[in-house]
Amino acid sequence: MKVRGIIKSEARSQEQTKVAYGLSAEPPGRKIPLLDLTRKYRSIENELRRQWDLVASSMRLLNGLNLAAFEKEFARYCGVQRAIGVGSGTDAIFLSLQALGITSGDEVILPAHAPAPVIEPIICLGALPVLVDKAVDDYGPDLEGLRAVISPRTRAIIAVHMLGLPCDMDAILEIASTKGVVVVEDASQAQGALYKYRRAAGLGIITPMSLGPVKNLASYGDGGVVLTNDNKLADRVQLLRVHGQAEKYNHKIYGWNTRLDEFQAAALRIKLPTLDEDNARRAAIAAMYSRCFQRLPVKTPPVFSDRTSVYHQYVIETPHREELRKHLESRRIGTGIYYPLPLHHHEAWSTRGMRQYSLPESERYARENLAIPVFAELDDEEVVYIISAVLDYFSSRL
(Lines give C-alpha, C1' and ligand atoms only; values in the text may rest on other atoms or scores of the structure.)
Protein backbone atom coordinates (compact mmCIF):
# COMPACT_ATOMS: atom_id res chain seq x y z
CA MET A 1 0.00 0.00 0.00
CA LYS A 2 1.27 3.50 -0.82
CA VAL A 3 2.16 5.85 2.01
CA ARG A 4 -0.88 8.09 1.55
CA GLY A 5 -3.14 5.06 1.73
CA ILE A 6 -1.40 3.97 4.92
CA ILE A 7 -1.94 7.43 6.40
CA LYS A 8 -5.63 7.41 5.56
CA SER A 9 -6.01 3.95 7.05
CA GLU A 10 -4.26 5.01 10.23
CA ALA A 11 -6.32 8.19 10.39
CA ARG A 12 -9.49 6.06 10.34
CA SER A 13 -8.01 3.91 13.10
CA GLN A 14 -7.21 7.07 15.05
CA GLU A 15 -10.80 8.29 14.71
CA GLN A 16 -11.99 4.97 16.12
CA THR A 17 -9.58 5.40 19.03
CA LYS A 18 -10.94 8.86 19.76
CA VAL A 19 -14.50 7.63 19.65
CA ALA A 20 -13.64 4.78 22.01
CA TYR A 21 -12.20 7.24 24.53
CA GLY A 22 -14.87 9.87 23.92
CA LEU A 23 -12.11 12.39 23.15
CA SER A 24 -11.22 14.88 20.48
CA ALA A 25 -7.85 15.76 19.04
CA GLU A 26 -8.20 19.40 20.05
CA PRO A 27 -5.15 21.10 21.60
CA PRO A 28 -5.15 20.53 25.38
CA GLY A 29 -4.70 24.24 26.14
CA ARG A 30 -1.15 23.94 27.40
CA LYS A 31 2.15 22.76 26.08
CA ILE A 32 2.77 19.04 26.51
CA PRO A 33 6.41 18.75 27.63
CA LEU A 34 8.55 15.72 26.97
CA LEU A 35 8.54 15.20 30.73
CA ASP A 36 6.60 17.04 33.44
CA LEU A 37 8.12 16.37 36.87
CA THR A 38 5.60 18.59 38.63
CA ARG A 39 2.70 16.18 38.10
CA LYS A 40 4.18 13.32 40.09
CA TYR A 41 5.41 15.76 42.70
CA ARG A 42 1.92 17.18 43.23
CA SER A 43 0.48 13.70 43.72
CA ILE A 44 2.90 12.92 46.57
CA GLU A 45 3.60 16.42 47.86
CA ASN A 46 1.89 16.09 51.25
CA GLU A 47 3.58 12.82 52.17
CA LEU A 48 6.89 14.01 50.77
CA ARG A 49 6.82 17.17 52.86
CA ARG A 50 5.89 15.18 55.94
CA GLN A 51 8.80 12.79 55.49
CA TRP A 52 11.25 15.57 54.67
CA ASP A 53 10.14 17.46 57.79
CA LEU A 54 10.93 14.37 59.85
CA VAL A 55 14.41 14.19 58.30
CA ALA A 56 15.03 17.88 58.90
CA SER A 57 13.83 17.74 62.50
CA SER A 58 16.13 14.81 63.24
CA MET A 59 19.12 16.32 61.39
CA ARG A 60 20.22 12.78 60.56
CA LEU A 61 20.93 13.76 56.97
CA LEU A 62 23.27 10.93 55.94
CA ASN A 63 23.36 7.18 56.59
CA GLY A 64 20.03 7.25 58.41
CA LEU A 65 16.92 5.10 58.64
CA ASN A 66 15.54 6.07 55.23
CA LEU A 67 18.68 5.00 53.40
CA ALA A 68 18.85 1.67 55.22
CA ALA A 69 15.16 1.03 54.57
CA PHE A 70 15.34 2.03 50.90
CA GLU A 71 18.31 -0.24 50.28
CA LYS A 72 16.42 -3.21 51.73
CA GLU A 73 13.17 -2.38 49.94
CA PHE A 74 14.78 -1.79 46.56
CA ALA A 75 16.97 -4.89 46.79
CA ARG A 76 13.85 -6.92 47.52
CA TYR A 77 11.96 -5.27 44.65
CA CYS A 78 14.81 -6.02 42.22
CA GLY A 79 15.29 -9.57 43.52
CA VAL A 80 18.94 -9.09 44.49
CA GLN A 81 20.84 -9.61 47.72
CA ARG A 82 22.30 -6.15 48.19
CA ALA A 83 21.61 -2.53 47.24
CA ILE A 84 24.00 0.30 48.14
CA GLY A 85 22.76 3.86 47.71
CA VAL A 86 25.25 6.34 46.23
CA GLY A 87 25.32 9.95 45.11
CA SER A 88 24.65 9.53 41.38
CA GLY A 89 24.44 7.07 38.53
CA THR A 90 27.90 8.09 37.34
CA ASP A 91 29.28 7.31 40.79
CA ALA A 92 27.42 4.00 40.71
CA ILE A 93 29.29 3.00 37.53
CA PHE A 94 32.59 4.35 38.86
CA LEU A 95 32.37 2.41 42.14
CA SER A 96 31.19 -0.74 40.35
CA LEU A 97 34.21 -0.72 38.03
CA GLN A 98 36.54 0.18 40.89
CA ALA A 99 35.16 -2.66 43.01
CA LEU A 100 35.88 -5.02 40.12
CA GLY A 101 39.48 -3.84 40.04
CA ILE A 102 39.29 -2.15 36.64
CA THR A 103 42.44 -0.09 36.26
CA SER A 104 44.87 1.51 33.83
CA GLY A 105 45.41 -0.49 30.66
CA ASP A 106 42.23 -2.55 30.98
CA GLU A 107 39.63 -2.48 28.22
CA VAL A 108 35.93 -2.02 28.90
CA ILE A 109 33.41 -2.54 26.09
CA LEU A 110 30.28 -0.39 25.87
CA PRO A 111 27.75 0.55 23.17
CA ALA A 112 28.50 3.59 21.02
CA HIS A 113 24.92 4.91 21.29
CA ALA A 114 25.00 5.09 25.10
CA PRO A 115 24.97 8.35 27.10
CA ALA A 116 28.30 9.98 27.94
CA PRO A 117 28.13 9.31 31.72
CA VAL A 118 28.69 5.61 30.99
CA ILE A 119 32.11 6.33 29.51
CA GLU A 120 33.36 8.84 32.08
CA PRO A 121 34.14 6.33 34.88
CA ILE A 122 36.14 4.21 32.43
CA ILE A 123 38.26 7.23 31.50
CA CYS A 124 38.66 8.26 35.16
CA LEU A 125 40.03 4.84 36.06
CA GLY A 126 42.59 5.00 33.26
CA ALA A 127 40.96 2.14 31.37
CA LEU A 128 40.34 2.12 27.63
CA PRO A 129 36.75 2.32 26.35
CA VAL A 130 36.09 0.06 23.37
CA LEU A 131 32.92 0.78 21.41
CA VAL A 132 30.55 -1.65 19.76
CA ASP A 133 27.77 -0.86 17.29
CA LYS A 134 24.07 -0.96 18.04
CA ALA A 135 22.06 -4.01 16.95
CA VAL A 136 19.82 -3.32 13.96
CA ASP A 137 16.48 -4.25 15.54
CA ASP A 138 17.34 -3.91 19.22
CA TYR A 139 18.62 -1.24 21.60
CA GLY A 140 21.39 -3.55 22.80
CA PRO A 141 24.81 -4.20 21.23
CA ASP A 142 25.41 -5.93 17.93
CA LEU A 143 26.35 -9.40 19.15
CA GLU A 144 28.75 -10.28 16.33
CA GLY A 145 30.44 -6.94 16.79
CA LEU A 146 30.67 -7.60 20.52
CA ARG A 147 32.44 -10.91 19.97
CA ALA A 148 34.84 -9.30 17.53
CA VAL A 149 36.08 -6.52 19.84
CA ILE A 150 36.90 -8.68 22.87
CA SER A 151 40.65 -8.89 23.33
CA PRO A 152 43.04 -10.33 25.94
CA ARG A 153 42.94 -6.92 27.66
CA THR A 154 39.14 -6.87 27.98
CA ARG A 155 38.03 -6.92 31.62
CA ALA A 156 34.35 -6.03 31.39
CA ILE A 157 31.37 -5.46 29.11
CA ILE A 158 28.86 -2.78 30.10
CA ALA A 159 25.39 -3.81 28.93
CA VAL A 160 23.21 -0.69 28.87
CA HIS A 161 19.45 -1.21 29.09
CA MET A 162 18.57 1.68 26.79
CA LEU A 163 15.27 3.55 26.93
CA GLY A 164 13.71 1.06 29.35
CA LEU A 165 14.28 -2.10 27.30
CA PRO A 166 16.59 -4.81 28.72
CA CYS A 167 19.42 -6.06 26.53
CA ASP A 168 19.55 -9.66 25.33
CA MET A 169 21.35 -10.62 28.53
CA ASP A 170 21.60 -14.38 27.96
CA ALA A 171 23.45 -13.84 24.70
CA ILE A 172 25.73 -11.17 26.21
CA LEU A 173 26.47 -13.29 29.27
CA GLU A 174 27.28 -16.29 27.09
CA ILE A 175 29.72 -14.29 24.98
CA ALA A 176 31.33 -12.86 28.11
CA SER A 177 31.60 -16.26 29.77
CA THR A 178 33.38 -17.83 26.81
CA LYS A 179 35.91 -14.99 26.90
CA GLY A 180 36.32 -14.87 30.67
CA VAL A 181 35.08 -11.30 31.17
CA VAL A 182 32.40 -9.93 33.49
CA VAL A 183 29.18 -8.10 32.57
CA VAL A 184 28.26 -4.84 34.26
CA GLU A 185 24.58 -4.17 33.80
CA ASP A 186 23.71 -0.46 33.58
CA ALA A 187 19.99 -0.33 34.39
CA SER A 188 19.73 3.44 34.83
CA GLN A 189 16.91 3.68 32.28
CA ALA A 190 15.18 0.46 33.25
CA GLN A 191 13.90 0.50 36.84
CA GLY A 192 11.29 -2.25 36.98
CA ALA A 193 11.95 -3.72 33.52
CA LEU A 194 11.80 -7.50 33.14
CA TYR A 195 14.02 -9.96 31.33
CA LYS A 196 12.55 -13.47 31.20
CA TYR A 197 10.32 -12.67 34.21
CA ARG A 198 13.23 -11.35 36.29
CA ARG A 199 13.96 -7.74 37.07
CA ALA A 200 16.63 -6.24 34.86
CA ALA A 201 19.08 -6.03 37.76
CA GLY A 202 21.49 -8.59 39.13
CA LEU A 203 21.67 -10.40 35.79
CA GLY A 204 25.28 -9.31 35.39
CA ILE A 205 27.82 -9.43 38.20
CA ILE A 206 26.96 -5.89 39.31
CA THR A 207 24.27 -3.37 38.40
CA PRO A 208 24.92 0.38 38.66
CA MET A 209 21.80 2.50 38.31
CA SER A 210 21.02 6.20 38.22
CA LEU A 211 18.03 7.41 40.22
CA GLY A 212 18.26 11.01 39.00
CA PRO A 213 15.27 13.31 38.52
CA VAL A 214 14.26 12.11 35.03
CA LYS A 215 14.38 8.37 35.70
CA ASN A 216 11.31 6.13 36.09
CA LEU A 217 12.17 5.87 39.79
CA ALA A 218 13.50 9.34 40.44
CA SER A 219 14.95 11.33 43.28
CA TYR A 220 14.64 15.13 43.49
CA GLY A 221 18.34 15.64 42.99
CA ASP A 222 21.24 13.39 42.11
CA GLY A 223 21.02 9.81 43.29
CA GLY A 224 22.13 6.32 42.39
CA VAL A 225 22.36 2.76 43.60
CA VAL A 226 24.57 -0.28 43.06
CA LEU A 227 22.91 -3.71 43.12
CA THR A 228 24.60 -7.10 43.27
CA ASN A 229 24.29 -10.67 44.52
CA ASP A 230 28.00 -10.76 45.32
CA ASN A 231 28.53 -9.84 48.97
CA LYS A 232 32.25 -9.19 48.54
CA LEU A 233 31.56 -6.68 45.78
CA ALA A 234 28.78 -5.11 47.83
CA ASP A 235 31.04 -4.75 50.87
CA ARG A 236 33.71 -3.11 48.75
CA VAL A 237 31.26 -0.64 47.19
CA GLN A 238 29.95 0.15 50.66
CA LEU A 239 33.48 0.97 51.79
CA LEU A 240 34.32 2.95 48.68
CA ARG A 241 31.30 5.25 49.01
CA VAL A 242 32.42 6.56 52.45
CA HIS A 243 36.14 7.21 52.02
CA GLY A 244 36.96 3.55 52.65
CA GLN A 245 36.09 3.84 56.33
CA ALA A 246 35.38 0.54 58.05
CA GLU A 247 34.64 2.64 61.12
CA LYS A 248 34.95 6.36 61.73
CA TYR A 249 38.51 7.60 61.11
CA ASN A 250 39.74 4.07 60.36
CA HIS A 251 40.25 3.89 56.60
CA LYS A 252 40.52 0.28 55.52
CA ILE A 253 41.03 1.43 51.92
CA TYR A 254 41.03 4.82 50.20
CA GLY A 255 37.69 5.44 48.64
CA TRP A 256 35.39 8.27 47.64
CA ASN A 257 32.59 10.41 49.04
CA THR A 258 29.28 9.54 47.39
CA ARG A 259 26.23 8.95 49.52
CA LEU A 260 22.49 8.88 48.83
CA ASP A 261 21.19 11.36 51.40
CA GLU A 262 18.16 10.94 53.63
CA PHE A 263 15.96 13.41 51.73
CA GLN A 264 16.44 11.52 48.47
CA ALA A 265 16.07 8.11 50.12
CA ALA A 266 12.78 9.24 51.67
CA ALA A 267 11.47 10.43 48.30
CA LEU A 268 12.46 7.16 46.62
CA ARG A 269 10.71 5.13 49.34
CA ILE A 270 7.50 7.06 48.68
CA LYS A 271 7.72 6.49 44.92
CA LEU A 272 8.78 2.84 44.91
CA PRO A 273 5.34 1.34 45.78
CA THR A 274 3.78 2.94 42.67
CA LEU A 275 6.66 2.24 40.27
CA ASP A 276 4.99 -0.77 38.65
CA GLU A 277 1.73 1.16 38.25
CA ASP A 278 3.55 4.10 36.69
CA ASN A 279 5.49 1.79 34.36
CA ALA A 280 2.27 0.06 33.32
CA ARG A 281 0.79 3.44 32.37
CA ARG A 282 3.89 4.20 30.28
CA ALA A 283 3.53 0.82 28.58
CA ALA A 284 -0.16 1.47 27.83
CA ILE A 285 0.67 4.82 26.22
CA ALA A 286 3.50 3.22 24.25
CA ALA A 287 1.21 0.45 23.04
CA MET A 288 -1.29 3.01 21.73
CA TYR A 289 1.47 4.91 19.96
CA SER A 290 2.87 1.78 18.34
CA ARG A 291 -0.57 0.58 17.28
CA CYS A 292 -1.37 3.90 15.60
CA PHE A 293 2.08 4.31 14.03
CA GLN A 294 2.59 0.72 12.92
CA ARG A 295 1.99 1.40 9.24
CA LEU A 296 3.72 4.75 9.07
CA PRO A 297 7.21 5.03 7.54
CA VAL A 298 8.84 5.07 10.98
CA LYS A 299 10.51 2.54 13.24
CA THR A 300 8.73 2.13 16.55
CA PRO A 301 10.41 0.66 19.66
CA PRO A 302 11.28 -3.03 19.36
CA VAL A 303 9.14 -5.51 21.27
CA PHE A 304 10.27 -8.95 22.48
CA SER A 305 8.18 -11.68 24.06
CA ASP A 306 10.75 -12.36 26.79
CA ARG A 307 11.49 -8.72 27.69
CA THR A 308 9.23 -6.09 29.25
CA SER A 309 10.21 -2.49 28.60
CA VAL A 310 9.34 0.27 31.06
CA TYR A 311 9.58 2.90 28.30
CA HIS A 312 11.90 5.36 29.97
CA GLN A 313 11.51 7.07 26.61
CA TYR A 314 9.31 6.29 23.63
CA VAL A 315 11.49 6.77 20.56
CA ILE A 316 10.50 6.65 16.92
CA GLU A 317 13.11 6.57 14.17
CA THR A 318 12.69 8.43 10.90
CA PRO A 319 14.89 10.17 8.32
CA HIS A 320 12.41 13.05 8.64
CA ARG A 321 13.35 13.60 12.29
CA GLU A 322 14.07 17.34 12.15
CA GLU A 323 10.97 18.19 10.14
CA LEU A 324 8.77 16.07 12.39
CA ARG A 325 10.32 17.65 15.47
CA LYS A 326 9.58 21.16 14.18
CA HIS A 327 6.02 20.12 13.37
CA LEU A 328 5.45 18.76 16.88
CA GLU A 329 7.01 21.83 18.46
CA SER A 330 4.60 23.98 16.41
CA ARG A 331 1.81 21.94 18.00
CA ARG A 332 3.33 22.64 21.46
CA ILE A 333 4.48 19.05 21.94
CA GLY A 334 7.89 18.55 23.52
CA THR A 335 10.40 16.14 22.00
CA GLY A 336 13.90 14.90 22.73
CA ILE A 337 16.80 13.06 21.09
CA TYR A 338 18.44 10.08 22.84
CA TYR A 339 21.19 10.67 21.78
CA PRO A 340 22.16 13.08 18.96
CA LEU A 341 25.77 11.88 18.80
CA PRO A 342 27.30 8.43 19.25
CA LEU A 343 30.18 8.43 21.71
CA HIS A 344 32.91 8.40 19.05
CA HIS A 345 31.53 11.64 17.55
CA HIS A 346 31.78 13.65 20.78
CA GLU A 347 34.33 16.46 20.87
CA ALA A 348 35.70 15.01 24.12
CA TRP A 349 36.44 11.74 22.29
CA SER A 350 38.31 13.33 19.40
CA THR A 351 40.32 15.78 21.54
CA ARG A 352 41.70 12.84 23.52
CA GLY A 353 42.90 11.25 20.31
CA MET A 354 40.76 8.16 20.84
CA ARG A 355 40.38 5.46 18.22
CA GLN A 356 38.18 6.33 15.23
CA TYR A 357 35.25 4.07 14.43
CA SER A 358 32.76 3.44 11.68
CA LEU A 359 29.62 2.20 13.41
CA PRO A 360 26.83 2.65 10.86
CA GLU A 361 23.83 1.57 12.91
CA SER A 362 24.72 3.75 15.90
CA GLU A 363 25.34 6.66 13.54
CA ARG A 364 22.03 6.15 11.71
CA TYR A 365 20.15 5.84 14.98
CA ALA A 366 21.71 9.09 16.26
CA ARG A 367 20.48 10.89 13.11
CA GLU A 368 16.95 9.50 13.16
CA ASN A 369 15.74 8.98 16.73
CA LEU A 370 13.06 11.22 18.24
CA ALA A 371 11.42 10.82 21.63
CA ILE A 372 7.83 11.89 22.25
CA PRO A 373 6.13 12.23 25.65
CA VAL A 374 5.40 8.96 27.47
CA PHE A 375 5.52 9.91 31.16
CA ALA A 376 2.94 8.19 33.35
CA GLU A 377 0.98 11.32 34.23
CA LEU A 378 -0.05 12.11 30.65
CA ASP A 379 -3.82 12.10 30.34
CA ASP A 380 -5.71 10.37 27.53
CA GLU A 381 -6.59 13.62 25.74
CA GLU A 382 -2.90 14.52 25.54
CA VAL A 383 -2.00 11.08 24.19
CA VAL A 384 -4.64 11.31 21.47
CA TYR A 385 -3.50 14.81 20.57
CA ILE A 386 0.12 13.65 20.24
CA ILE A 387 -0.92 10.75 18.02
CA SER A 388 -3.02 13.05 15.84
CA ALA A 389 -0.12 15.48 15.48
CA VAL A 390 2.23 12.72 14.29
CA LEU A 391 -0.36 11.41 11.83
CA ASP A 392 -1.02 14.93 10.56
CA TYR A 393 2.66 15.41 9.79
CA PHE A 394 2.87 12.34 7.59
CA SER A 395 -0.49 12.89 5.92
CA SER A 396 0.45 16.43 4.86
CA ARG A 397 4.03 15.77 3.76
CA LEU A 398 4.19 12.31 2.22
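This section describes a four-stranded sheet, the internal cavities and the surroundings of one arginine in a predicted model.

The sheet is open and consists of four strands arranged in the order S3-S2-S4-S5, with parallel pairing. Its edges are formed by strand S3 (128–132) and strand S5 (182–186), each of which pairs on one side only. From one strand to the next, the twist averages 25°. In general, the strands of a sheet pair through backbone hydrogen bonds, in either a parallel or an antiparallel manner. Strand S2 (residues 107–111) is joined to strand S4 (residues 154–160) in the parallel sense, over three bridges. Within this pairing, valine 108 has alanine 156 of S4 as its bridge partner. Helix H7 (residues 169–179) packs on the sheet, where it touches S4 and S5. The direction of helix H7 makes about 150° with that of S5.

Three cavities of 30 Å³ or more are present in the structure. The largest cavity has a volume of about 210 Å³, and its lining comprises 17 residues. Of these, Lys40, Lys215, Asn216, Arg282 and Glu377 lie nearest the centre of the cavity. Two elements, helix H2 (37–58) and helix H10 (275–293), give two or more residues to this lining. The largest share, three residues, comes from H10. By residue class, the lining of the largest cavity divides into eight nonpolar, two polar and seven charged residues.

The second largest cavity holds about 60 Å³ of space. Its lining is made up of Leu34, Leu35, Val214, Arg282, His312, Gln313, Ile372, Pro373, Val374 and Phe375. Seven of these residues are nonpolar, two are polar and one is charged. Arg282 appears in the lining of the second largest cavity and is also one of the residues nearest the centre of the largest cavity.

Arginine 236 is located in helix H8 (residues 231–240). This residue counts as partly exposed because its relative accessibility is 36%, a value between the limits of 20% for buried and 50% for exposed residues. When residues up to four places away in sequence are not counted, arginine 236 touches Gln98, Ala99 and Ile253. A separation of 141 residues in sequence lies between arginine 236 and leucine 95, yet their C-alpha atoms are 8.7 Å apart in space.

Terms used: Residues numbered from 1 in each chain as written. Predicted model: local features only at pLDDT ≥ 70, side-chain atom pairs only at ≥ 80, totals over all residues. Heavy atoms only, no water. Buried < 20%, exposed > 50% of the residue type's maximum accessible area, 1.4 Å probe, protein only. Contact = heavy atoms within 4.5 Å. 1 Å grid on protein atoms, 1.4 Å probe; cavity = no way out; pocket = protein on both sides within 12 Å on 5 of 7 lines; lining within 4 Å. Points joined across faces, edges and corners; volume = space filled by probe spheres on them. Nonpolar A, V, L, I, M, F, W, Y, C, P; charged D, E, K, R; others polar. Pairing = 2+ DSSP bridges. Axes fitted to C-alpha atoms, helices over the stretch in contact; angles between N-to-C directions.
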